[in-house]
Amino acid sequence: MRNENVEHALLTYLRSNANDKSRGICKRLDHPEFKCSNGWLDHFKDRHNITFKKICGEAKSVDVNSEAMNDWWKISHIKGKMPSEEPPFKKKKLSSQHSHSHASQNGFVNTHKLQQERRKLPIFPAKHKLTQQIRSLDTAIVIGETGSGKTTQIPQFLHEAGVHRGSIIAVTQPRRVAAITVSQRVAQESGTLLGHLVGYSVRFEDVTSESTKIKYMTDGMLLRESTLDPLMKRYSIIVLDEAHERTIHTDVLFGVVKKAQRDRKKKGLKPLKIIVMSATMDVDHFSNYFNKAPVLYLEGRQYPVQVYYSTTSQSDYVMAAVVTLFQLHRDQPPNQDVLIFMTGQEEIESTVRCIRDISKDMVGEGPPLVVCPLYAALPSHLQLKVFNKTPQGSRKVIVATNIAETSVTIHGIKFVIDTGVVKAKLYNPNSGLDLLKVVRISKAQALQRTGRAGRESSGTCYRIYTEEEFDSFKKNTVPEILRCNLSSVVLQLLALGISDIVNFDFMDKPSMESLIGAVHQLHSLGAVTKEDCIKLTPLGKQMVSFPLDPRLSKTVLIAKDNHCLEEILSIVSMLSVDSVMFTPQSKREEALETRKKFISSDGDHVTYLNIYRAYKSVRGNKEWCHENFINLRNMKLALEVRKQLRGICVKLELPIESCGQDTSVLRKCLAFGFFMNAAELQKEGEFISLSSRKPVSIHPSSSLFMCKPAYVIYNELIQTTKCYMRDLSVVDPDWLYEAAPHYFRKKKPKPG
Ligand SMILES: Nc1ncnc2c1ncn2[C@@H]1O[C@H](COP(=O)(O)OP(=O)(O)OP(=O)(O)O)[C@@H](O)[C@H]1O
Ligand SMILES: [Mg+2]
């Protein structure tokens with residue numbers, strides 16, 4: 001009976017949104033799940049306990065320092081004693097601001113209790129041996145199951161034993177949310193104020209002080225720091241955590257820290273110790289890269305997690321996840337929270353709305369639901385909100401991208417629903433096509449996601465895919481460096497003084513095509529010279545200062561010469577966030593009509609500027625946003641980004657001037673940054689891209705959709721049924737030639 005109620009609610013909801021493609025939940029009315037009402041959990045009948053046996057096998061196979069390895073095998077067999085499932089320690093509710101003052105309150109909470117918690121972690125009995133081992137090694141690869149205590153404990157052990165020799169221990173994280181929350185936890189455990197002994201440094205936020213010795217930071221931040229000091233002299237130990245993620249920044253850091261370690265040795269400076277950590281990595285590959293570094297294996301997870309596979313393949317993972325959630329919600333007691341993995345902002349927001357709507361129809365059929373989205377573009381304070389304790393008697397549901405996949409401990413999570421997909425960047429150096437696509441996760445990612453359910457007590461993970469599908473997943477995630485446009489990486493390496501890019505010590509070398517393509521791109525942008533060797537130009541040096549794609553940095557810097565930085569900063573900020581326009585399917589016509597007043601025949605960039613100016617003139621009024629179908633959240637974010645970019649311009653002493661109403665100068669600046677992304681109208685009325693000579697079309701969301709300008713530049717290409725250009729401006733072809741005569745001489749279309 002209850003099943004039918006939920007089913008009814010879902011159907012009602014879906015019917016009213018049946019045409020809503022933007023919500024990503026269309027065509028679900030004939031979903032097989034709804035044709036049977038004999039229980040939704042039927043397709044989750046197989047039960048499996050996670051064993052991580054494969055990982056144990058790999059760790060053993062490393063042929064290094066066999067004596068140490070044997071020791072480690074002994075130490076690692078500490079498992080078996082599962083801590084009793086007592087309720088998690090009481091901690092004060094984290095405020096959404098993670099300021100020093102808030103940290104100071106948390107810093108002293110329940111230190112004694114936290115010490116007891118620490119002692120129960122699987123890593124704890126290995127403390128002494130582990131510390132000794134690491135003390136004696138230059139480089140160590142540490143592998144231990146999720147939740148065993150690597151990230152929070154190892155830096156503390158090393159600090160307590162003085163292995164850091166008074167200098168700073170840096171611990172990198174691929175994501176800012178992990179760096180912030182883990183440092184908060186470690187500060188609490190050490191009974192100190194956040195920003196004192198333990199601190200963090202993420203983009204635009206540095207919570208450290210003179211006394212900070214354990215510093216959690218994003219990999220991007222450490223890489224940025226290394227451009228100022230390639231020897232990384234501030235640090236005695238660098239821990240590259242979550243190495244399996246193979247983010248582009250961590251991959252470059254591998255080579256950079258290895259070089260720093262070697263150069264410091266050569267120069268007789270203080271040694272640099274490198275620790276590479278993960279729960280799931282290809283240890284042979286890592287060990288070989290780091291000169292056969294010993295692998296220290298920690299066994300024992302804190303709490304068991306049961307895994308259920310779907311018995312049938314699910315064509316619609318969003319729906320299957322929502323169905324699974326409500327099945328759990330109906331049956332499970334309150335305060336057992338759920339974490340659902342999805343792919344991106346739009347999908348997450350639509351799922352959050354869907355869950356909230358359904359729950360309104362389910363009053364009395366489960367505890368009240370607190371539904372929170374979590375994705376990178378969400379402002380920091382909203383991201384941290386998901387870590388707050390769930391009100392007593394409720395259930396928290398977090399719908400997140402893979403930013404919640406590694407490292408983090410979210411209070412209360414008992415269930416994970418893993419859709420098995422992720423949005424990944426893919427790049428084709430031949431076509432210059434850089435696109436985001438939804439792809440299957442790797443086994444390593446699936447294990448990480450599962451691990452999020454067993455942090456504070458035993459948990460359960462529902463995989464929205466069959467076991468056979470899981471078997472077909474790649475073992476490890478393809479490194480980002482092998483599937484991205486490399487111009488930012490090459491710029492960073494040059495800033496580090498590494499000019500022989502091709503022979504840089506990459507763990508997995510990108511293709512020559514990609515590397516050479518990136519150098520050409522930077523050369524065309526005027527960021528490098530290629531005379532004797534590849535070197536940064538003064539313009540290139542300034543470009544390094546901006547945390548932006550080099551094409552956008554160039555646009556900003558050229559705007560200075562064209563006296564329109566004021567406007568370009570607004571446009572670039574609007575481009576740095578997800579869409580500021582909100583178009584509900586049911587009010588589509590009304591939304592388009594209302595926003596007509598912002599549209600410029602010059603293209604999307606000037607349209608964005610018009611929206612920005614209008615928003616500023618009403619001082620960010622909420623009602624105004626609502627009436628005009630403008631996404632308030634993304635507008636606020638754009639303003640935040642703008643403030644930060646403006647700060648960099650001020651530091652570089654760039655005059656921030658306005659061009660008033662002259663928009664041609666803005667489009668000219670964009671042409672100087674994006675001349676590689678130019679398209680030309682053909683006689684037949686179709687566009688072709690000037691760089692690849694491939695047909696491209698104007699995206700239906702563009703303000704130029706119905707127009708046929710002779711030349712346009714665009715910010716990105718998206719491949720769906722066609723290759724669509726998004727975020728376009730009309731340009732004068734003379735500007736393109738002026739921007740890069742060399743580039744266009746080669747690419748000039750053949751007559752006829
Ligand atoms: N913010 C937190 N709140 C509550 N408990 C926490 C928090 N952070 C860590 N813990 C506890 O400490 C344990 C160890 O966490 P830690 O992050 O060090 O594990 P890990 O070995 O690095 O795991 P992973 O491989 O998943 O990153 C967690 O399982 C959890 O029980
Ligand atoms: Mg960790």
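**C564, T351 and their surroundings**

User: Does C564 count as buried or exposed, and why?

Analyst: C564 counts as buried, because it has 23 C-beta neighbours inside 10 Å, and the cut-off for calling a residue buried is 20 or more. Please keep in mind that this is a predicted model.

User: Where is C564 found?

Analyst: C564 is located in the loop that runs between α20 and α21.

User: And what does C564 touch, leaving out residues up to four places away in sequence?

Analyst: With those residues left out, C564 touches A559 as well as E657, S658, C659, V665, L666 and C669. As for P655, its C-alpha atom is 9.2 Å from that of C564, although the two residues are 91 apart in sequence.

User: Going on to α21 then, how many of its residues are buried?

Analyst: In helix α21, which spans residues 565-575, 10 of the 11 residues are buried, so the helix is largely enclosed by the rest of the structure. The buried set includes E567, S570 and S573 alongside L565, I568 and L569, among others.

User: Which elements do the buried residues of α21 pack against?

Analyst: They pack against four helices, namely α20 (550-561), α23 (604-617), α25 (632-651) and α26 (664-674), and also against the strands β23 (711-719) and β24 (723-730).

User: Which residues touch the most other members of the largest nonpolar core?

Analyst: That core has 194 residues, and I141, I340, I398 and F675 are the ones that touch the most other members. Its largest share, 10 residues, is contributed by helix α12, residues 317-331. In soluble globular proteins, nonpolar side chains tend to be buried together.

User: What does F675 touch, not counting residues up to four places away?

Analyst: F675 touches I713, L736, A739, A740 and Y743 on that count.

User: Changing topic to T351, where is its place, and is T351 buried or exposed?

Analyst: T351 has its place in helix α13, residues 345-360, and T351 is buried, with 25 other C-beta atoms within 10 Å. Once its neighbours within four places in sequence are set aside, T351 is in contact with V318, V322, M342 and V399. The C-alpha atoms of T351 and M319 are separated by 8.9 Å, with the two positions 32 residues apart along the chain counted as their separation.

User: What about ligand 1, which residues come nearest?

Analyst: Among the 21 residues around ligand 1, those that come nearest are T146, G147, T151, T152 and T409. Two elements, α7 (150-160) and α8 (176-189), give two or more residues to this shell, and α7 gives the most, with 4 residues.

User: How does the shell around ligand 1 divide by class and by domain?

Analyst: By class, the shell consists of 15 polar, 4 charged and 2 nonpolar residues. At least three residues are drawn from each of domain 1 (4-58 + 303-472) and domain 2 (66-298).

User: Where does pLDDT stay under 50?

Analyst: It stays under 50 over residues 13-108, for which the model nevertheless has 156 contacts beyond four places in sequence. Where pLDDT is low, the predicted coordinates should not be read in detail. For the protein, the mean pLDDT is 83, and 83% of the residues reach 70 or more.

User: Last one, what does the protein come to in helices and strands?

Analyst: The secondary structure comes to 28 helices and 24 strands, and of the 752 residues of the protein, 47% count as buried. Among contacts with a separation of 6 or more, 75% are accounted for by residues 24 or more positions apart.

Definitions and conventions. Residues are numbered from 1 along each chain as its sequence is written. Chains are lettered from A and ligands numbered from 1 in the order in which they are written. This is a predicted model: local features need pLDDT of at least 70, side-chain atom pairs count only at pLDDT 80 or more; totals for chains, interfaces and linings use all residues. A residue is buried if 20 or more other C-beta atoms lie within 10 Å of its own, exposed if 12 or fewer, and partly exposed in between; C-beta atoms are placed from the backbone. Two residues are in contact if their C-beta atoms, placed from the backbone, lie within 7 Å. A residue is near a molecule or strand if its C-beta atom, placed from the backbone, lies within 6 Å of it. Ala, Val, Leu, Ile, Met, Phe, Trp, Tyr, Cys and Pro count as nonpolar, Asp, Glu, Lys and Arg as charged, and the others, Gly among them, as polar. Domain bounds come from an automatic or database domain assignment. A nonpolar core is a set of buried Ala, Val, Leu, Ile, Met, Phe, Trp, Tyr and Cys residues joined through C-beta atoms within 7 Å. pLDDT is the predictor's confidence in each residue, from 0 to 100.
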